[in-house]
Structure formats: structure tokens, C-alpha cells
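Reader: I should like a close look at a single part of this model, namely its sheet and the charged pairs around the sheet. Please state the cut-offs behind each term.

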Amino acid sequence: MNAQRLSERLTRVASFVEKGSIVADIGSDHAYLPCYLVHQQIAEKAIAGEVAKGPYESARNQVHAEQLQEQITVRFANGLQAIEKEDSVDTVTIAGMGGPLIASILDQDIDRLITVDRLILQPNIHAKAIREWAILNEWKLIAEEILQEDDKIYEILVLERGKMSLTAAQLLLGPFLMEDRNDAFCKKWEKESAEWERILEAIRVAELSKDVQMKKDEIEEKLKIVKEALST
């Protein structure tokens with residue numbers, strides 16, 4: 001993977017960026033995504049934000065190597081603090097983190113999203129946390145995608161401003177993904193279900209405290225949702 005040729009996961013993230021956008025890529029690592037977006041004339045300008053010194057240096061070096069210093073600014077900053085109001089960022093991408101972490105990054109500096117009208121988020125796990133955050137903060141899903149790459153399964157959530165309500169099943173599985181139910185979707189939830197069954201088996205031979213009973217009830221409810229989704 002490089003600035004000219006992204007992984008399939010990041011290529012799909014890039015596909016949701018609208019032409020002419022000003023993008024902030026949070027947790028940009030080598031800045032491959034912003035470099036690609038500028039090279040492909042999709043993004044007009046971009047911010048590459050990194051909180052770790054090593055990846056920040058890698059991103060800065062990559063932008064220089066690609067001779068894109070005029071269009072891409074690399075900032076050493078925590079989360080959305082990489083965005084300044086005068087940047088006029090309209091699109092934020094966050095890829096390769098857990099859903100709860102992505103939600104907390106958005107929550108921590110939500111005022112920095114004032115000019116932003118599209119979020120393209122790729123959680124590695126627990127996408128439900130992002131859907132819950134979206135409902136609470138009046139963002140709505142306009143697209144979702146799930147794909148498998150190198151034996152890992154990734155979800156991509158695309159949000160724009162607006163209200164939405166989701167059922168318990170849609171929160172867990174994703175409303176668009178439930179409709180499509182592609183091979184990656186089925187494989188993900190079959191694997192999750194098998195793990196939940198294993199946990200339930202362990203719980204059945206354990207002493208049921210109040211907390212354990214609550215965990216058991218939660219898992220059983222999720223299993224019911226997934227089984228219904230996979231059987232229809």
C-alpha cells in the first residue's frame with residue numbers, strides 16, 4: 001500500500017469522499033489516504049492529524065515525498081484538535097480504530113465539527129457505538145459498507161447531519177448492511193454468534209451474580225437479533 005495505491009479498505013473509504021472536499025483524516029498514520037485523495041483530484045485540500053510522534057513524522061515525510069505540502073497540512077494533535085476553524089473542513093475520515101474510540105474522539109471535541117457535513121468512519125470493531133453516538137448527536141447514516149480484506153472484516157459508516165432512529169437490530173447490525181447481507185456480513189455475525197455461544201456456555205456453569213445475569217441477558221438478546229437477521 002502507498003499513496004498511489006491504497007488497500008481495499010481505504011479505497012472504499014476514499015470512494016465516499018465527494019469531489020472538491022476539504023478532508024481531515026484523523027489518525028492518518030502515513031497520510032496515504034489524504035495523499036491519494038489529492039493525487040486523484042478528489043480532495044481539494046486535506047489535513048493529516050496524528051497524536052503519536054512516529055506516525056506524525058511518517059505522515060510529514062510522506063507528504064513531502066509526494067510534494068503535496070501546498071495541499072496537505074500535517075498536524076501533531078489529539079483527535080479533532082487537528083482541525084482549525086479556518087481550515088473549513090467539510091469531511092472527516094477516521095479509519096482503523098475501535099468504534100468506542102472513534103465515538104469518544106468525536107465527542108471530545110465535537111465543536112470542531114462545526115463546518116463538517118460528512119463523517120466517513122471505519123471502525124475495526126463495535127460499530128454500534130458509532131450508531132449510538134450518531135443518534136445522540138443528530139447525525140444520520142446515509143451509507144454503510146462491510147468488506148473482508150486479509151482475513152479481517154471491516155465496516156464503513158457514512159454520516160451526514162440529521163436525525164435518525166434505529167431499532168435494536170439496526171443499531172447492532174447496521175440498517176444498510178442488514179438489507180444487503182453480503183458474504184462478509186454473514187461471516188462476521190456467524191463468527192460473533194459462535195463466540196457468544198461459547199461465553200453463554202461458560203456462564204451456565206458459573207454462579208449467576210446480578211452482573212453475570214445482565215451479561216447473559218444481553219448476549220441472548222444479541223444472539224436472537226443475529227439469528228433472525230441471518231435466517232430471513
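Author: The following account begins with the chain, passes to the sheet and its helices, and ends with the salt bridges.

This is a predicted model, in which local features need pLDDT of at least 70 and side-chain atom pairs count only at pLDDT 80 or more, while totals for chains, interfaces and linings use all residues. Residues are numbered from 1 along each chain as its sequence is written, and side-chain values use heavy atoms, with hydrogens and water left out.

The chain contains nine helices and seven strands; these are DSSP runs numbered from the N terminus, helices being H or I of at least four residues and strands E of at least two. Of its 232 residues, 48% count as buried, where buried means under 20% relative accessible area, exposed over 50%, and partly exposed in between (1.4 Å probe, protein chains only).

The seven strands of the open sheet follow the order 3-2-1-4-5-7-6, with mixed pairing; two strands pair if DSSP finds at least two bridges between them. Strand 3 (72–76) and strand 6 (139–149) are at the edges with a single partner strand each, so one side of each has no neighbour in the sheet. On average, neighbouring strands are turned by 15° against each other, direction ignored. Axes here are lines fitted to C-alpha atoms, for helices over the stretch in contact, and angles run from 0 to 180 degrees between N-to-C directions.

Within this sheet, strand 1 (residues 21–26) pairs with strand 2 (residues 43–50) in the parallel sense over six bridges. Valine 23 stands opposite alanine 46 in strand 2. Helix 2 (residues 32–39) packs on the sheet and touches strand 1, strand 2, strand 3 and strand 4 (91–97), contact meaning heavy atoms within 4.5 Å. The direction of helix 2 makes about 175° with that of strand 2. Helix 5 (residues 128–136) also packs on the sheet, touching strand 5 (118–123), strand 6 and strand 7 (152–161), and its direction makes about 5° with that of strand 7.

The charged pairs come next. Side chains of opposite charge can pair when their charged atoms come close. The structure holds 15 salt bridges, each a side-chain nitrogen of Lys or Arg within 4 Å of a carboxyl oxygen of Asp or Glu.

One of them joins aspartate 87 to arginine 75, with the closest N and O atoms 2.7 Å apart. Since aspartate 87 lies in the loop between strand 3 and strand 4 and arginine 75 in strand 3, the pair ties together parts that are 12 residues apart in sequence. Aspartate 87 is buried, at a relative accessible area of 16%, whereas arginine 75 is partly exposed, at 22%.

The loop between strand 3 and strand 4 also holds glutamate 84, and arginine 112 lies in the loop between helix 4 (99–108) and strand 5, so this pair ties together parts that are 28 residues apart in sequence. Their side chains meet in a salt bridge at 3.9 Å, N to O. Glutamate 84 is partly exposed, with a relative accessible area of 32%, and arginine 112 is partly exposed at 25%.

At an edge of the sheet, arginine 131 forms a salt bridge with glutamate 144, the closest N and O atoms being 2.9 Å apart. Arginine 131 belongs to helix 5 and glutamate 144 to strand 6, so the pair links parts 13 residues apart in sequence. Both arginine 131 and glutamate 144 are buried. Salt bridges with shared partners join Arg131, Glu144, Glu155 and Lys188 into one network.
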